[in-house]
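I set out to look up how the copies relate to each other and how the single chain is built. The entries follow in the order in which I made them.

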There are 2 protein chains.
Amino acid sequence: MNLSPLQEARYVYQPKLPGMLRNGISEISVKIGSETSSVADQDKIKELFPNTYGKCEITFEKGKNTSEHKKQVVGVILSGGQAPGGHNVICGLYDALKATDPDNVLLGFKGGPSGLIDDDFIEFDDEFINMYRNTGGFDIIGSGRTKLETVQQFEQVTRVAKKHDLNAIVIIGGDDSNTNAAVLAEYMAAQGTGIQVIGCPKTIDGDLKNEDIEASFGFDTATKTYAEVIGNIERDANSAKKYWHFVKVMGRSASHVALECALQTQPNVCLIGEEVADMKWSLAEIADHVADSVAKRAAKGDNFGVVIVPEGIVEFVPEFSVLIAEINELLAGESGEEFNKLVDWASKEHFLEDGLSQNSMKLFALLPEFVQKQLFLERDPHGNVQVSLIESEKLLSAMVADNLRKRKKRGAYNGKFSPLHHFFGYEGRCAFPSNFDADYCYSLGYNAFMLIQYGYTGYLSKVSNLAAPAEEWIAGGMPITKMMNIERRNGEDKPVIRKALVELDGAPFKYFAEHRKKWATDTCYTYPGAIQYYGPSSVCDVTTKTLALEQG
Amino acid sequence: MNLSPLQEARYVYQPKLPGMLRNGISEISVKIGSETSSVADQDKIKELFPNTYGKCEITFEKGKNTSEHKKQVVGVILSGGQAPGGHNVICGLYDALKATDPDNVLLGFKGGPSGLIDDDFIEFDDEFINMYRNTGGFDIIGSGRTKLETVQQFEQVTRVAKKHDLNAIVIIGGDDSNTNAAVLAEYMAAQGTGIQVIGCPKTIDGDLKNEDIEASFGFDTATKTYAEVIGNIERDANSAKKYWHFVKVMGRSASHVALECALQTQPNVCLIGEEVADMKWSLAEIADHVADSVAKRAAKGDNFGVVIVPEGIVEFVPEFSVLIAEINELLAGESGEEFNKLVDWASKEHFLEDGLSQNSMKLFALLPEFVQKQLFLERDPHGNVQVSLIESEKLLSAMVADNLRKRKKRGAYNGKFSPLHHFFGYEGRCAFPSNFDADYCYSLGYNAFMLIQYGYTGYLSKVSNLAAPAEEWIAGGMPITKMMNIERRNGEDKPVIRKALVELDGAPFKYFAEHRKKWATDTCYTYPGAIQYYGPSSVCDVTTKTLALEQG
């Protein structure tokens with residue numbers, strides 16, 4: 001193994017725990033809070049979770065540890081996409097488990113939830129764990145996207161768990177995975193297996209967030225990494241003064257990442273999907289909004305700029321969703337096969353013309369040809385268009401160029417427009433966790449074990465007051481059912497954790513909305529630079545702007 | 001202005017000077033070395049530079065400053081593409097100039113060489129300079145690509161210089177800009193203007209390097225920034241285990257950046273343009289080389305990997321250069337207009353078939369359609385194909401996919417190949433300079449002023465022994481003519497600084513060549529993480545692997 005200097009240095013970093021967890025295992029006691037009820041659809045959720053609903057929130061505090069002593073065998077899985085800090089959750093879990101009793105055992109099931117089904121695991125020891133402390137990635141045991149949701153799967157998980165005498169399972173994942181953790185916890189309780197299930201909140205998209213989850217881990221590091229390179233691009237734009245950079249960032253279902261990057265870098269334009277949906281903007285209106293900034297800056301002689309675009313932007317555009325739905329409808333079944341057999345693009349276009357509504361065909365005709373073709377490039381197993389394959393940053397810049405051509409014709413614009421494109425996703429998901437994420441994740445894992453040790457199940461490991469120094473963080477647990485409501489998914493009513501979208505009346509968006517007019521015209525770029533793990537605390541211990549604004 | 005915490009912290013960083021420059025201006029004396037002659041074509045270079053050829057190398061040392069005291073008015077320009085540290089060259093120059101005499105004046109000419117022609121300038125003062133210390137970008141005065149090379153331009157520069165009583169001009173730029181600095185110095189000397197010209201070596205491509213220039217500034221920071229995100233991608237690849245990432249990095253005419261990134265991150269494959277040219281590889285052979293790694297890893301169950309591709313790779317492929325030359329020939333003049341008038345792709349293809357040689361048409365037919373079309377997307381003012389528009393990373397992955405399909409057919413490969421693409425260029429050119437670049441650039445600027453103060457012209461600011469701590473660096477100057485030879489450029493013999501390509505018998509490439517077989521099959525990724533400006537010296541003061549290997 002060839003380690004980088006930073007990796008060696010990070011191995012010896014000691015993550016900061018919340019003050020109340022710093023006094024050693026024997027000095028952690030439980031304070032029971034009030035009973036909880038779900039954020040909506042209380043009756044239905046209660047009915048679905050008879051054994052785990054309505055439990056009390058708990059917090060830990062300094063005091064005699066009154067938990068029952070028994071040997072703990074815990075299994076842990078990583079679920080879904082990578083997020084910086086996943087390794088530290090496991091390290092914190094391991095350290096608390098071993099500090100409680102060196103005979104306790106932590107098993108890591110490999111490749112995500114499927115590892116738990118296939119009984120593919122490793123047993124952690126010091127030597128192994130030490131190679132992953134404060135590092136990025138999910139390579140410690142791998143991850144996967146299998147969903148644990150059927151009774152058949154639960155039965156298999158139970159068999160595997162019993163084989164290893166597991167008394168608890170920790171699921172580190174996003175909103176879906178934690179929803180499934182709640183369902184599994186209920187199953188385990190209903191069956192009287194005695195197996196506890198604890199969730200840990202991860203998503204770098206930032207959409208697993210609510211009054212109990214102030215931040216999902218990884219969001220801090222990923223947005224800092226994206227903001228680093230966006231800031232570098234801004235500085236380049238402001239030096240070369242000749243390009244408009246269109247930067248797409250991660251975030252399919254919510255625009256938290258784009259918003260946080262914008263707050264950190266103050267680009268000329270940042271699109272927020274939730275606002276697009278709320279205002280029912282058309283693609284042409286979005287392009288016009290961007291072109292306004294281009295034209296205003298050109299009038300000042302500044303033919304350069306930076307635009308941040310969230311990955312899922314087109315999915316927030318109502319007319320575009322209609323178009324996609326119509327195409328999916330049109331290409332379902334036999335008629336899809338018929339379409340596939342058409343060889344040349346002209347006959348395909350003709351086919352669409354016959355099948356789409358007038359409005360959708362009008363929108364389709366507006367799209368640049370490369371986007372029209374991307375729509376049919378690959379379709380998912382159900383024959384559906386894969387919207388994620390659309391290069392929305394290129395679509396946008398092409399429509400902006402078109403808009404500017406029209407402005408030029410009518411004498412309303414006389415600049416140069418040279419767009420460049422970037423997409424940042426994989427660049428940030430496996431970065432070394434920032435001090436914040438290293439501390440937060442380690443605390444989540446440490447705390448998860450304390451929840452297990454005190455016998456809780458169906459709880460999410462909760463660490464809060466995150467805008468304050470770690471010393472003042474509050475550690476505890478919240479029943480997952482508290483965060484759930486009923487939503488329609490694939491034609492079925494399902495109990496799920498509510499996805500957190502960017503709130504248009506929330507402090508982060510409001511700050512952005514107050515300043516963006518100035519940013520659109522002037523050059524107000526801020527250059528965050530690379531994540532620092534050392535140096536002045538003002539540099540290496542800052543949280544996200546989103547969190548700072550939310551917590552005032 | 002909204003400053004990031006890092007920017008505020010970096011403002012107060014005090015760059016490290018070479019030990020011999022640390023004793024104050026009054027304690028810097030000159031040690032004259034031996035006379036120099038150019039690396040080749042001595043007679044011709046001597047003839048072209050009668051006033052500046054053959055001068056002695058000089059180094060500074062601790063001792064009484066014997067320079068003549070007079071008021072200095074110095075002009076400085078930034079030339080060409082951005083590179084981290086440009087601001088610090090100016091800061092070092094300013095500090096030495098003001099430390100020598102507070103009445104000395106430093107003028108910054110804006111927007112590159114054209115600022116010197118258009119007399120567009122600012123006068124630096126403390127307040128202004130302090131806003132740019134240790135920051136990235138060239139936004140302090142902007143840059144530009146105008147070349148100072150005609151006598152007419154030199155006359156205009158002389159007029160502007162005389163208007164401001166300039167006694168020296170500092171040109172911060174790459175090989176072409178420093179070549180032009182030498183020509184301008186010779187002109188100024190021949191005309192008896194008394195105006196000195198000093199060059200400073202910049203290119204993040206790393207191709208301005210020779211026995212006198214151990215590193216051009218910006219290379220360290222840019223490669224560290226690219227290596228950071230490549231390392232993150234590697235960790236993601238190794239966590240998700242399902243994608244092959246094709247990462248294109250800057251570097252048109254040389255592959256130093258790709259090689260340095262490979263040394264830092266140990267990807268499965270890294271292509272080196274100079275080797276491709278030397279081995280006379282075809283595109284198909286390159287694809288086969290990559291496909292070998294894919295197939296070997298697939299046989300072990302690893303359907304993921306990382307490939308680094310230098311931006312200019314296709315230009316190193318002999319058969320591709322022939323194809324491009326033939327296309328340029330074919331589309332010159334009227335026949336180009338004829339081609340442009342053809343509406344559909346089929347008739348364009350037919351046109352090419354008639355005009356290209358059999359070999360070139362065969363290669364053309366092998367190219368994926370999107371590359372075929374990119375070749376004609378935009379042509380430069382001379383009607384030439386713009387090779388830089390070719391998405392070589394996508395071209396390569398498409399050819400690898402094709403190669404793998406054939407292997408699969410004959411049963412030699414049974415894996416999955418899902419490629420993803422990245423391009424890193426603008427992401428690194430304006431990063432906050434690493435401590436190395438901050439120190440090196442500040443020293444280059446400080447040193448440049450000492451060369452002016454001692455009356456030298458046609459010299460390059462030289463700081464060497466760079467693999468050692470800054471204390472041990474050696475500061476001095478080298479006549480630019482020493483680095484020159486005669487090369488054929490645009491059909492003319494011209495005196496130019498020799499471009500430094502990756503040397504296949506140099507230590508950096510040899511290290512790479514010795515290890516790449518293992519890297520191609522195994523997963524040997526190294527994760528450098530973000531540039532650190534603070535922390536253990538082993539983390540924040542490391543130089544490039546290239547420099548470390550070159551200096552043993």
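Entry on symmetry. I worked from a predicted model. I superposed the copies and found that a turn of 180 degrees with a shift of 0.0 Å along the axis lays chain A on chain B, at an RMSD of 0.1 Å. I therefore recorded the two copies as related as by a two-fold rotation axis. I then looked up the contact residues: 98% of those of chain A recur in chain B, and the same surface serves both copies.

Entry on fold and dimensions. For chain A I noted 21 helices and 15 strands. I compared its radius of gyration, 25 Å, with the 24 Å that the globule rule gives for 552 residues; the two values are close, so chain A is as compact as a globular protein of that length. Along the principal axes, I found that the C-alpha atoms of chain A fill a box of roughly 80 × 60 × 50 Å.

Entry on packing. I looked up burial and found that 63% of the 552 residues of chain A count as buried. Among the contacts in chain A with a separation of 6 or more, I attributed 78% to residues 24 or more positions apart.

Entry on surface and charge. I computed an accessible surface of about 20900 Å² for chain A, and noted that carbon and sulfur atoms hold 49% of that surface. I counted 57 positive and 75 negative side chains in chain A. I also recorded that the centres of these two sets lie 5 Å apart.

Note on methods
Residues numbered from 1 in each chain as written. Chains lettered and ligands numbered in written order. Predicted model: local features only at pLDDT ≥ 70, side-chain atom pairs only at ≥ 80, totals over all residues. Heavy atoms only, no water. Helix = DSSP H or I, 4+ residues; strand = E, 2+ residues; numbered from the N terminus. Rg over C-alpha atoms; globule rule 2.2 N^0.38 Å. Buried < 20%, exposed > 50% of the residue type's maximum accessible area, 1.4 Å probe, protein only. Contact = heavy atoms within 4.5 Å. Areas by Shrake-Rupley, 256 points an atom, 1.4 Å probe, with all protein chains shown as cover. Lys, Arg positive; Asp, Glu negative; His and termini not counted. Charge placed at Lys NZ, Arg CZ, Asp CG, Glu CD. Least-squares fit on C-alpha atoms with pLDDT ≥ 70 in both.
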